[in-house]
Structures are given as C-alpha cells and as structure tokens.
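Got the viewer open? Let's take a walk through the coordinates, stopping at a few spots along the way.

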Amino acid sequence: MIPDDVIEQVRDAADIVGIIGETVELKRSGSDYRGRCPFHGGTHRNFAVIPKKGMFYCFVCHEAGDVYTFFMKRLGMDYPTAVREVARRVGITIPERSGPTGPDPREPLFNAVATAADWYARQLRESPEAESARTYLESRHVTMEQAQVGGLGFGPRGSGFLDAMKGLGLREEVLLEAGLIVKREDGSKVPRFRGRLLFPIHDLRSRVVAFSGRILGEGEPKYLNSPETPIFHKGQLLYNLHLAKHGMRKAERAILVEGQFDVLRLTLAGVEEVVAPLGTGLTDDQAALLQRHTPHVILLYDSDDPGLRATFRAGDVLLRHKLRVSVATLPEGEDPDTLVQNKGAAALEQAIKDSVDVLERKIQILNRKGFFGTLPGRRRALDRLLPTIRATTDPVTRDFYITQVCEAAKIGRPALLRELESSPGAATDDLSPELSTVVQLPQNIEKWWLLLLLEGDPWRGKVLERIKAADLQFPPYRAVFTGVVANSLDELEPVPARTYEALRATGLGPFLADEVFEYVAGNLDGEPLKAELREIDRKIPLATGQEQEQLVERKREIWNELRVKQPRYKITGGRKGAPGS
Ligand SMILES: [Zn+2]
C-alpha cells in the first residue's frame with residue numbers, strides 16, 4: 001500500500017501538462033492548455049489541462065481527473081500502477097509493496113542512520129578527538145552553534161562508533177545495510193567514516209538518510225559519501241532540499257552550488273533556497289526534482305575552468321527539464337564560501353542579482369576568448385553552443401536561443417536549424433581554445449607585439465609605426481597580424497584562428513600596455529645590435545688573435561649600449577621572459 005502523503009507528493013510533483021502532452025498535442029490558452037480530447041476523439045480543442053489544479057477536463061464528453069486517472073482511463077492501469085508510473089517520472093521512489101498494512105521495511109535503516117547522526121553530533125561537541133574538526137570549522141568561520149543547527153557531526157577513528165551503536169541495540173547487519181560500517185576482507189567490521197567531519201543528508205521528509213564526510217588533514221578522498229542504500233539514492237536527492245524547498249517556493253528560484261560548505265555558508269548568510277548535488281555532476285533525476293519546486297535555477301559555481309565546465313554541464317541538464325537557467329559569476333578567485341567571508345552577504349546577493357541567462361553567459365565567455373572573431377572560431381563556437389540549444393526542451397526558450405546564436409555566430413536561421421537536426425558530434429563543453437593540442441605558441445617578443453596590437457588604439461597605431469607583418473617569424477603570428485591589420489580575420493586558416501583566440505584569451509595579463517610597449521620597443525631598438533652580437537659570436541672562433549681581441553672589445557661595447565637601451569631587462573633572457581619578469 002502506498003502511503004497517502006506519497007501519493008499526494010507525487011501528484012504535486014507531476015508535470016501534468018508534460019505527461020498528457022506526450023500523447024495529446026496541447027496549446028497554451030491563458031494559464032491552461034487545450035487540445036483535442038483523446039477520450040471521445042473530438043476534432044476541436046475542447047479538452048483542457050489545468051496545471052494550477054493538476055487536472056484535465058473535457059467540455060464535450062466531461063471526462064475529468066488528475067494525472068493518475070489520465071493513465072488509468074487512457075492506458076487501463078490500476079491505481080497503484082498509475083501512481084508508480086507517475087512517481088517514476090518525477091523521480092520519487094515508492095517502496096515495494098509489503099502487504100496491505102505492513103510497516104515500512106526500511107524503518108530499521110532510518111532508525112540506524114538517525115541514531116548515528118545524534119551520536120556523531122555529540123562527538124563533534126564533546127569528543128577530544130574531534131578537536132581537529134572543531135578547529136577546522138573555526139578556521140572556516142563556522143561557530144559550534146551554527147554547526148549544531150546544521151546537524152554536523154564527527155566520525156572518530158577507532159571502534160568507538162561500532163561499540164556505541166551495538167550498545168544502543170543496533171545490529172551489525174543493519175549498520176552494514178545503512179552504509180555506516182564496512183566489512184573488511186578479513187571479515188572484521190570498521191566504521192565507514194573515520195576521522196571525518198560529517199554533513200547529514202536528508203530526504204524530502206527531513207529524515208537523515210546518509211552522510212557526506214570531509215577528511216580532516218591529509219587523505220583521500222576529500223569527500224566520502226554513504227553508499228547507495230535502500231533509503232539513499234544520491235542521484236535522486238539534493239543536499240539541503242528538505243529545507244530549501246520552502247525558500248524555493250517563496251523566492252521562485254533555486255541556487256545550485258557545488259558543495260556542502262557552500263550551502264552552509266549561503267544559508268548562514270540568509271539565503272534559504274540553496275542546494276547542492278551530492279559529489280557528482282547534476283543528474284537528470286536531480287534536475288527533475290528541482291523542477292518540481294521551482295521554475296528557475298541559478299548556478300553558482302567556481303569561475304575557474306573546471307567550475308565553468310561543471311556549470312554548463314549542469315545547465316544543459318536543467319534545460320532538458322524545462323527550467324530557466326541563469327549563471328551567477330563570482331569575482332576572480334572567490335568561491336561562495338570565501339566571498340561571503342571576505343565581502344559579506346551583500347556581495348553574494350549582488351552576484352546573484354547580476355546573474356545572466358546560461359546561454360548568454362556561454363556566448364559572453366566565447367566572445368571574450370575571441371571565438372567569434374574568425375570564421376573557424378565561429379564554427380567552433382557553434383559546436384559549443386549547439387548542445388545547449390539541443391538540450392533546451394522549452395519551445396519558447398529554444399526559439400529565443402536559436403535567435404541569439406544566429407546573431408552571435410553570424411549564421412542564418414535555416415543553416416542553424418539544419419545544424420540542429422544533423423546528428424550531434426562529440427559534444428564539447430570545453431570553452432578554452434584547446435590550442436595546446438594544435439600548436440605551441442612561442443612565448444617571445446612577437447607575441448607581445450601582437451598582444452599590444454589587439455589592445456586597439458592607441459597601441460595598434462604605435463605598433464604599426466614600428467613593425468610590419470613580415471617582421472614576425474612565427475607564421476601563425478604573421479597571419480594573425482595581417483588578419484588584424486587588414487580586418488580579414490574571417491579568412492584565417494584554422495591554426496592562425498586558434499592562435500588568435502589564444503592571444504585574445506591571454507591578453508596582457510597583469511601588465512600595463514605602456515609597460516609592454518616600452519619592453520618591445522626597447523627590444524626592437526636593440527635588434528640591430530643583437531644581430532651584430534650574433535655575427536661576432538660566429539666570427540670569433542675563426543678569427544686570429546688580434547681580430548679576436550677587437551671582436552671581444554666590440555662585443556663589450558654592444559653590451560653596454562644594450563644595457564642603456566633596456567635597463568630593466570636582462571638581455572640574454574629577454575626572449576623567454578615577460579615584461580618586468
Ligand atoms: Zn471528450
């Protein structure tokens with residue numbers, strides 16, 4: 001027998017428009033949807049689906065009901081089968097039938113995990129061994145009070161846990177099944193979480209079902225989760241959802257962060273609607289779970305390359321579930337945790353407020369990295385944008401995305417639609433230029449000339465006064481120089497195009513343009529002297545004694561002259577280094 005509250009929960013969670021829409025073509029009409037009635041086979045749109053009430057109704061034959069009755073009437077399912085079918089789609093696990101009134105067979109597991117959670121929390125408060133955990137929390141500016149509200153715990157090394165659990169009457173088989181202890185090869189049993197700070201993981205009914213343990217000090221893995229158990233399926237739960245769901249309904253958005261500490265930090269900063277996946281990439285089930293509680297998800301991950309990859313991967317999963325997806329960007333080098341610590345909750349709220357649509361963010365990044373500057377670059381930008389459009393199932397959003405990508409990549413709509421229909425190649429979510437696989441860029445003075453050229457005026461003008469394309473030895477650099485000067489970047493071959501992107505991605509870094517100009521111009525002024533030096537070095541071994549002396553004397557003069565011209569730079573190492581290095 002399926003408990004009433006589960007039936008209720010599944011019904012609330014179900015996307016009735018999506019489910020009926022699989023077999024009946026529905027069109028929006030105000031806040032409802034209309035289609036041809038599948039029951040009496042009408043030809044007019046007299047069949048209404050009313051998502052607000054979770055029901056359907058036919059104005060002609062008066063068939064009516066909820067999502068369960070739809071399956072029963074359309075497909076002849078019995079009631080429990082219909083409930084299970086809907087539950088499967090919304091990612092809720094219904095325990096297998098256990099007789100008409102039998103207790104939930106998983107009750108001992110819930111009990112064991114709850115008992116363990118209490119015991120772990122007490123260890124964190126009281127145990128001398130937990131000093132490292134308390135110190136660690138302090139270092140992350142989490143007070144013991146906050147840790148206790150969050151239900152945090154500590155799993156000590158040694159056999160204390162096992163002894164305590166047995167003392168409380170818990171059997172080893174249950175502890176094993178709940179994933180709290182592990183069996184070693186020699187048959188002995190040890191606690192799973194040893195020397196770890198523990199975050200309890202709750203299900204939607206706020207029962208603790210598992211733990212995530214962070215190592216204290218050295219060791220692998222950094223985070224260890226409970227294994228899959230009859231009460232814990234990590235792909236189908238989100239960390240903190242049991243609390244965040246209320247905030248999500250109020251705020252009409254969810255904020256998705258990478259880890260437990262980010263969740264803790266945000267909730268302490270007063271943001272309620274925050275959740276995290278459980279140590280893996282976001283799963284389809286988790287996205288479906290979010291979709292039941294909110295129409296909009298803001299991704300708040302690290303802004304480094306791995307963080308961006310995770311961001312866009314999660315974005316595609318969410319788009320598949322018709323969610324609106326935005327990306328909040330944190331200041332360079334900050335994660336949500338450090339940002340709140342360093343700049344306060346207001347800085348975080350600002351970052352969330354400034355979040356932009358996920359596709360727009362992708363385009364921004366590709367643009368910043370120069371992908372749209374060349375024809376081959378636009379081709380590869382397209383390869384990175386197509387998966388996002390393909391993932392987008394909401395027709396309105398999809399149409400909007402198509403328009404945006406057409407504009408950004410300068411491609412016509414029919415061509416883009418053809419691209420979308422063609423079979424997707426190996427999807428790439430890497431937004432870096434992937435240059436290293438193609439060509440190694442020389443870190444020389446030529447590169448600095450180009451970087452200056454790309455800065456635009458007045459530097460472009462100054463560069464053009466001093467050098468021309470033919471002065472550059474490295475062919476891709478020469479091609480980029482020509483392309484920029486002649487405004488013909490579209491015609492660049494693939495390698496120069498990638499070179500261009502890499503240069504755009506690099507930029508001047510921490511250096512000021514005038515600093516770089518001083519460096520490259522000084523180097524150029526010294527060029528004839530350096531050529532003479534090389535010539536002298538070639539002559540010396542062949543010269544007679546007196547000639548040799550003259551050559552060495554001339555060499556000394558050149559060195560002195562070069563030192564005057566480039567007082568700040570080592571001449572010999574100058575080709576490898578960067579300005580000021
Ligand atoms: Zn009808």
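What follows goes from a metal site to a sheet and then to some backbone oddities.

First, the ground rules. This is a predicted model, so local features need pLDDT of at least 70 and side-chain atom pairs count only at pLDDT 80 or more, while totals for chains, interfaces and linings use all residues. Residues are numbered from 1 along each chain as its sequence is written, and side-chain values use heavy atoms, with hydrogens and water left out.

Start at the zinc ion. Which protein atoms hold it? The donors are Cys37 (SG), His40 (ND1), Cys58 (SG) and Cys61 (SG), at 2.0 to 2.3 Å from the metal. A donor here is an N, O or S atom within 2.8 Å of the metal (3.2 Å for Na, K and Ca), and water is not among the atoms, so sites may look incomplete. Along the chain, the spacing of these residues reads C-x2-H-x17-C-x2-C. Cys37 sits in the loop between β2 (32–35) and β3 (47–50), and Cys58 is in strand β4 (residues 55–58), so this pair ties together parts that lie 21 residues apart in sequence. (Strands are DSSP runs of E with at least two residues, helices are runs of H or I with at least four, and both are numbered from the N terminus.)

Why call the site tetrahedral? Because the 4 donor atoms subtend angles of 98 to 115° around the zinc ion. The rule for four donors is that all angles lie between 85 and 135 degrees; four count as square planar and six as octahedral if opposite donors are over 155 degrees apart and all others between 65 and 115, and anything else is irregular. For reference, the ideal angle for four tetrahedral donors is 109.5 degrees.

As for solvent, Cys58 is buried at 0% relative accessibility, and Cys37 is buried too, with a relative accessible area of 2%. Buried means under 20% relative accessible area, exposed over 50%, and partly exposed in between, using a 1.4 Å probe and protein chains only. Another cysteine, Cys406, is buried at 11%. How many disulfides does a search of the whole structure find? The count is 0, where a disulfide would be a pair of cysteine sulfur atoms within 2.5 Å.

Next, look at Val17, in helix α2 (residues 16–21). Val17 counts as buried at 16% relative accessibility. Leaving aside residues up to four places away in sequence, Val17 touches Leu26, Tyr33, Val49 and Pro51, with contact meaning heavy atoms within 4.5 Å. Now zoom out: Val17 and Lys555 are 538 residues apart in sequence, and their C-alpha atoms are 84 Å apart in space.

On to the sheet. It is an open one of 5 strands in the order β13-β12-β14-β15-β16, with mixed pairing. Its edges are β13 and β16 (356–357), each with a single partner strand, so one side of each has no neighbour in the sheet. Two strands pair if DSSP finds at least two bridges between them.

Focus on β12 (residues 254–257). Ala254 and Leu256 point one way from this strand, Ile255 and Val257 point the other way, and all are buried. That fits the textbook picture: side chains in a regular strand alternate between the two faces of the sheet. β12 pairs with β14 (residues 296–300) in the parallel sense over 4 bridges, and Ala254 has Val297 as its bridge partner in β14. β12 also runs parallel to β13 (residues 274–275), joined by 2 bridges; there, Leu256 is partnered with Val275. Between β12 and β13 the chain crosses through helix α11 (residues 260–268), and this β-α-β crossover is right-handed. In other words, with the strands pointing away from the viewer, the path from the first strand over the helix to the second runs clockwise.

Finally, some backbone details. Glu252, in the loop between α10 (241–251) and β12, has a positive phi of about 55° although it is not a glycine, and it counts as exposed at 55% relative accessibility. Asn487 also has a positive phi, near 55°, and is exposed with a relative accessible area of 70%. For cis peptide bonds, check Glu220 to Pro221, where omega is about -15°, and Asp457 to Pro458, where omega is about 5°.
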